[in-house]
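The following paragraphs are intended to be read alongside the sequence and the coordinates. Please keep both in view while following the description.

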Amino acid sequence: MIAPRSKADRTMKRGLTAVSVVLLAASGAAAADPPPKPSNRAEAVDVVRHLRRIVTPNGVERSQTVRIGGIDQFVTIRGDDHRNPVLLVLHGGPGYVETPLNWWYARGWEEYFTVVEWDQRDAGKTYLLNDPKAVAPTMTRERMVQDTVEMTQWVRKTLGKRKIFVWGHSWGSYLGLELAKRHPDWLYAYIGTGQIINAPESERRAYRFSLAAAKAANYAQAISELQSIAPYPSVGTPSPLNSIVISHKWGDYFGGVMAYRTNQEDESHAARLSPDYSDAEITHVYDGNDVSERFLLADALNLDLSRETDFKTPLILLEGRHDRTVSSDVAHEWFERVKAPDKHFIWFENSAHEPESEEPGKFLLSLVRYARPIAVKAGDAAP
């Protein structure tokens, strides 16, 4: 239903109509002018590409494939000064790559860090580079952890850094925490967002939240679908993928992925403007997401890392207050018990699962305030 127009609306309409007459009178002379750019994806992407170009004398801007775990894997390396500390990004999903979104939220990071984006096994461009049938038997949690170890070694060697920062998001937070446990001497700090700790408890809380929100809104479809998968999550066994999809669908709708939004389409659509993928590649950039989820998601949602509370590297958690996808409350309760050389927990009050996109200014400020000084103190930063 369209709301009735107010008197102010009608007045504005009459004013706009008068202006339109003037513009139409002049339009004949301009009829031959070409349409304004950008008028297609190639032109729009070219604008983004030139805006984000690294032009500083000490800058680094490269993309390449790296042989990791027996397959070719795609990485980009970007930063205004190669003397800055390195930040390796471990994306979530499994299979939901961050690389096509970094033009939006990470350009400011590149002033303070050399940022390495990596499309993991069976994700993004890495998925497109390899035969899915050949990769399928290798899609295990331990293989993904080993890939993370190998990639970290490659980054340190290639960029000449004894230590780096690692940011793990969602699924990537499991990989990052494992890396921090196994090789703390490689890291200045581990940074987590959407931190997986006790996944079954996180799923229980998310389900309860969504069902309560559906009942409060008297949303019959949501109530029916959520009740159809009860009890959720399954007890003693991984939940069926269909049940996970239903629970997460309504968690997303009620603001558990992006706060105050019913979905994360705005963020996903930003990938369309990524200069790191061709027109053909961008239409398939999330194909690996579906494949990775089939192999890894149910297993990941059965993880309980809550007994892991002793770390030898600093920890920084950047968490959205409204995150229901991976409960930030569960992460905070765990963080209170953690022992580490240094630790910081920063709440993002207007974010859910994607604070890097939802509050990009505060996210950058937090990286510069809590992470970068560790490297500066070690003499690993541009003056």
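P231 is situated in the loop that connects α9 (220-228) with α10 (241-253). In this predicted model, the peptide bond leading from A230 into P231 is cis, with omega near -5°. A further cis peptide bond links G93 to P94, where omega is about 0°. P94 belongs to the loop between β3 (86-90) and α3 (102-105).

Helix α10 contains S247. S247 has a relative accessible area of 2% and is therefore buried, the cut-off being under 20%. Leaving aside residues up to four places away in sequence, S247 is in contact with Y207, S210, L226, I229 and Y232.

The strands can be considered next. Eight strands form an open sheet with mixed pairing, in the order β1-β2-β4-β3-β5-β6-β7-β8. The edges are occupied by β1 (60-68) and β8 (343-348); each has a single partner strand, so one side of each has no neighbour in the sheet. From one strand to the next, the twist averages 20°. Strands of a sheet pair through backbone hydrogen bonds, in either a parallel or an antiparallel arrangement.

Within this sheet, β3 pairs with β4 in the parallel sense over four bridges, and L87 has V115 as its bridge partner in β4. β3 also pairs with β5 in the parallel sense, again over four bridges; here L90 stands opposite G168 of β5. How many of the five residues of β3 are buried? Five of the five are, so the strand is largely enclosed by the rest of the structure. In a regular strand the side chains alternate between the two faces of the sheet. In β3, V86, L88 and L90 point one way, while L87 and V89 point the other way, and all of them are buried.

At the β8 edge, strand β7 (residues 315-320) runs parallel to β8 and is joined to it by six bridges. I316 is placed opposite H344 of β8. Helix α16 (residues 360-377) lies across β3, β5, β6 (187-193), β7 and β8, and runs at about 175° to β8.

The loop between α13 (287-300) and β7 holds F311. The relative accessible area of F311 is 6%, which means that F311 counts as buried. Contacts of F311, not counting residues up to four places away in sequence, are made with L177, A180, K181, W334, V338, K339, A340 and P341. One of these partners, V338, is 27 residues from F311 along the chain, and the C-alpha atoms of the two are separated by 7.6 Å.

Two loop residues have backbone angles that merit attention. D122 is a residue other than glycine with a positive phi, near 60°. D122 is located in the loop between β4 (114-119) and α4 (124-129), and its relative accessibility of 2% means that it counts as buried. S170 likewise is not a glycine and has a positive phi, of about 60°. The loop that holds S170 lies between β5 (164-169) and α7 (171-182). S170 has a relative accessibility of 8% and so also counts as buried.

A positive phi, near 65°, is also found at G160, which follows helix α6. Does the end-to-end distance of α6 agree or disagree with the span expected for its length? At 1.5 Å a residue, the 18 residues of this helix (residues 141-158) should span 26 Å, and because its end C-alpha atoms are 26 Å apart, the two values agree. The buried residues of α6 are M144, V145, D147, T148, V149, M151, T152, W154, V155 and R156. An α-helix has 3.6 residues a turn, so residues three or four places apart point the same way.

The last topic is a pair of packed helices. Two packed helices are described by the angle between their axes and the distance between the axes. For helix α8 (residues 199-216) and helix α14 (residues 328-335), the angle is about 140° and the axes are 9 Å apart. The two helices are therefore oblique to each other, because an angle counts as roughly antiparallel over 145 degrees. E201, S202 and R205 of α8 meet D329, V330 and E333 of α14 in this contact. By class, the contact of α8 with α14 comprises four charged residues, one polar and one nonpolar.

Notes: Residues are numbered from 1 along each chain as its sequence is written. This is a predicted model: local features need pLDDT of at least 70, side-chain atom pairs count only at pLDDT 80 or more; totals for chains, interfaces and linings use all residues. Side-chain values use heavy atoms; hydrogens and water are left out. The expected span of a helix is 1.5 Å times one less than its number of residues. Buried means under 20% relative accessible area, exposed over 50%, partly exposed in between (1.4 Å probe, protein chains only). Contact means heavy atoms within 4.5 Å. Two strands pair if DSSP finds at least two bridges between them. Axes are lines fitted to C-alpha atoms, for helices over the stretch in contact, and angles run from 0 to 180 degrees between N-to-C directions. Angles under 35 degrees count as roughly parallel, over 145 as roughly antiparallel, 65 to 115 as roughly perpendicular and the rest as oblique. Ala, Val, Leu, Ile, Met, Phe, Trp, Tyr, Cys and Pro count as nonpolar, Asp, Glu, Lys and Arg as charged, and the others, Gly among them, as polar.
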